Every structure is written in structure tokens, then in C-alpha cells.
Amino acid sequence: MTASPTTRDLIFDQLRRSRASVGNVLAAAPSASLSRYRDSGRGWTVTEVLCHLRDFESIFLQRARLTATADFPDLPFPDPDQLASENDYAAEEAWPAFEDWGRRRRATLDFLAKLPDAAWERAGNHPTRGRFTLDQQLILTACHDVNHLEQITRILSEQIE
């Protein structure tokens with residue numbers, strides 16, 4: 001009899017599959033549509049969303065490392081619009097940002113997979129959420145992916161309407 005997967009196992013699996021889901025959506029879209037249309041006409045383009053996913057993947061890993069190694073550290077929470085401006089998302093291309101997000105995601109998953117069970121209850125201080133455990137950080141990362149996958153599909157579908 002095989003053991004049932006834990007909630008953490010299921011979330012790890014979702015984090016592995018999120019990138020493939022986004023990749024499938026991107027592959028079906030005309031490349032020009034990835035940087036042409038803005039969310040609701042005024043938000044981010046698909047390319048800018050990909051840059052955000054890439055950059056926040058590094059933030060998620062930084063938070064996890066801090067939480068795993070320090071006692072209740074203050075967790076970074078950069079302003080997404082400021083990051084977009086500082087890193088000039090508008091000048092980037094979709095596929096390189098997507099590939100870089102994949103490399104960063106693998107680094108995050110590799111780090112998290114090596115943590116002992118006891119580490120998952122360790123917590124840091126999130127500026128808007130307060131006490132935030134590694135388990136909660138894992139869940140937030142998966143939710144973040146889903147939110148932006150929805151955003152990407154909405155941006156692309158708005159172009160066809």
C-alpha cells in the first residue's frame with residue numbers, strides 16, 4: 001500500500017506543474033499578443049506578468065532561506081510596480097523571462113525539498129500577513145501562480161473579444 005500524499009506533496013506538485021500550465025498557454029498565443037495588450041487595457045502585458053513571476057520567485061526563495069535560517073526574520077516585500085519599473089519589464093521579452101522563471105523555480109523547489117519536517121513550522125514576519133510559516137509561504141507561492149495564470153489567460157482572451 002502506498003502512502004497518501006501530504007498537503008505539502010500536493011502543493012509541491014502544483015508548483016512543478018504551474019510553469020507547464022503557463023507554458024502551454026503561451027505556446028498557444030501569437031507572440032505579438034504577449035507584449036501588445038495590457039490587462040484591462042491599462043495593466044501589465046503578459047510579458048510583464050512573466051517578469052513579475054520571475055522576480056517574485058527570487059523573493060519567495062529569499063523569504064524561505066531567511067525563515068529557515070534566522071529567528072523570526074522580517075521578510076522582504078518589494079512593491080511589484082516599483083520592481084517592474086526598476087527592472088524595465090516593458091523592454092523584456094516573454095520567452096526569456098519564462099525560461100528564467102523556470103530556473104528560479106527549480107532553485108526554490110530544490111531548496112525547499114531539502115528542508116527537514118521541523119523547518120516547516122518556522123516563521124518569519126511578513127509585512128502585511130504577520131507571522132508567516134514556511135508552510136504558509138509554500139501555499140502562497142502556489143496561489144500566486146494560479147492568480148497570475150488567470151491573469152495571463154484573461155489578458156489573452158480580452159484581445160480576442
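This is a short dialogue on reading the cavity, one helix and some aromatic pairs in a predicted model.

Student: Let's start with empty space. How many cavities of 30 Å³ or more are there?

Tutor: The general idea first: rolling a probe the size of a water molecule over the atoms shows where empty space is left. In this predicted model, the count comes to one cavity of 30 Å³ or more. The largest cavity has a volume of about 70 Å³.

Student: Which residues line the largest cavity?

Tutor: Leu-15, Phe-60, Ala-64, Thr-108, Leu-112, Trp-120, Leu-134, Gln-137, Leu-138 and Thr-141 do. Helices H3 (46-69), H5 (94-113) and H6 (134-160) each give two or more residues to that lining, and H6 has the largest share, with four residues.

Student: And how does the lining divide into nonpolar, polar and charged residues?

Tutor: Seven are nonpolar, three are polar and none are charged.

Student: Let's move to H5. What does its span look like against the expected one?

Tutor: H5 has 20 residues and covers 28 Å from its first C-alpha to its last, close to the 28 Å expected at 1.5 Å a residue.

Student: Which of the H5 residues are buried?

Tutor: They are Ala-94, Ala-97, Phe-98, Asp-100, Trp-101, Gly-102, Arg-105, Thr-108, Leu-109 and Leu-112. Their cover includes helix H1 (7-28), helix H2 (33-36), H3 and H6.

Student: There's an arginine in there. Why does Arg-105 count as buried?

Tutor: Buried means under 20% relative accessible area. Arg-105 counts as buried because its relative accessibility is 3%. Leaving out residues up to four places away in sequence, Arg-105 touches Leu-15, Ser-18, Glu-57, Thr-141 and Asp-145.

Student: Now the rings. How many aromatic pairs are there?

Tutor: The count comes to five. One of them is Trp-44 with Tyr-89, an edge-to-face pair at 6.0 Å centre to centre and 75° between the planes. That pair links distant parts of the chain, 45 residues apart: Trp-44 is in the loop between H2 and H3, and Tyr-89 is in the loop between helix H4 (80-86) and H5. Both Trp-44 and Tyr-89 are buried.

Student: What is the geometry of the Phe-98 and Trp-101 pair?

Tutor: Phe-98 and Trp-101 are edge-to-face too, with 6.2 Å centre to centre and 65° between the planes. They sit three residues apart in helix H5, so about one helical turn separates them. Phe-98 and Trp-101 are both buried.

Student: Which residues form one aromatic cluster?

Tutor: Trp-95, Phe-98 and Trp-101 do.

Methods:
Residues numbered from 1 in each chain as written. Predicted model: local features only at pLDDT ≥ 70, side-chain atom pairs only at ≥ 80, totals over all residues. Heavy atoms only, no water. 1 Å grid on protein atoms, 1.4 Å probe; cavity = no way out; pocket = protein on both sides within 12 Å on 5 of 7 lines; lining within 4 Å. Points joined across faces, edges and corners; volume = space filled by probe spheres on them. Nonpolar A, V, L, I, M, F, W, Y, C, P; charged D, E, K, R; others polar. Expected span 1.5 Å × (residues − 1). Buried < 20%, exposed > 50% of the residue type's maximum accessible area, 1.4 Å probe, protein only. Contact = heavy atoms within 4.5 Å. Phe/Tyr/Trp six-rings, centres within 6.5 Å; stacked < 30°, edge-to-face > 60°.
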